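Got the model open in your viewer? Let's walk through it one selection at a time.

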Amino acid sequence: MPGVAARGGGRRRRTMNEINMVPFIDVMLVLLIIFMVSAPLITTGTVDLPSVGKSSQRPDKVIEVIVGKDEKLKLKVNGDTEERALALGDLRERVLQAQGGDANVPVVISADRQVKYENVVQVMDRLQRAGVQRVGLSVKQGG
């Protein structure tokens, strides 16, 4: 061959210009199968809520703010059977009046399960801005 000089005197193989994709595809398919099989076995994240126990002693005086299904507020003082209707704007004055100057009298918020979380937070915010020291949420005992 007149125009090409061979080095080393022997035949030389041509270098491959392409990458062989078959092993790459095989590895990807194996990984896909592994993920497809293991995905249903992974447990979803669960929220571990605190359990509710019985208190050793119930306070003598408790003020209860009830948030009903219709998102209207009612006030119940000291376990009275009478619930008085209440507007969110009047909450501060009525609770401070029911506390009688003692900021440590506990206020319990009882909200229906269907009430939006935002409404309960608004009530808690109003009570905290009013200077109420002890605000709690009423929960159902047991399961």
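Select Gln-99 and show its surroundings: leaving out residues up to four places away in sequence, Gln-99 touches Lys-61, Ile-63, Val-105, Val-107 and Val-132, where contact means heavy atoms within 4.5 Å. Before going on, note that this is a predicted model, in which local features need pLDDT of at least 70 and side-chain atom pairs count only at pLDDT 80 or more, while totals for chains, interfaces and linings use all residues. Residues are numbered from 1 along each chain as its sequence is written, and side-chain values use heavy atoms, with hydrogens and water left out.

Is Gln-99 buried or exposed? Its relative accessible area is 4%, so Gln-99 counts as buried (under 20% relative accessible area; exposed is over 50%, partly exposed in between, with a 1.4 Å probe and protein chains only).

Next, select helix α2, residues 91-99, where Gln-99 sits. Helices (H or I, at least four residues) and strands (E, at least two) are DSSP runs, numbered from the N terminus. Leu-91, Val-95, Ala-98 and Gln-99 are buried in α2. These residues lie on the same side of α2 because they cover an arc of only 100° around the axis, taken from the directions from the helix axis to the C-beta atoms. Now turn on the cover over them: it includes β1, β2, β3, β4 and α3. Just after α2, click Gly-100, which has a positive phi of about 65°.

On to the strands. Select β1 (residues 63-67) and β4 (residues 107-111): they run parallel and are joined by five bridges; two strands pair if DSSP finds at least two bridges between them. Glu-64 has Val-108 in β4 as its bridge partner. Add β5 (residues 135-137), which pairs with β4 in the parallel sense over three bridges, with Val-107 opposite Val-135.

Go back to β1 and add β2, its antiparallel neighbour over five bridges. Val-67 stands opposite Leu-73 here. The hairpin has five residues between the strands, and Glu-71 in it takes a positive phi near 65°. Leu-73 also stands opposite Leu-86 in β3, and β2 and β3 run antiparallel with three bridges. Why is β2 largely enclosed by the rest of the structure? Because four of its five residues are buried.

Last stop: colour by pLDDT, the predictor's confidence in each residue, from 0 to 100. The chain mean is 77, and 75% of residues reach 70 or more. Among the elements, helix α1 (residues 22-38) has the highest mean, 94, and strand β3 (residues 84-86) the lowest, 80.
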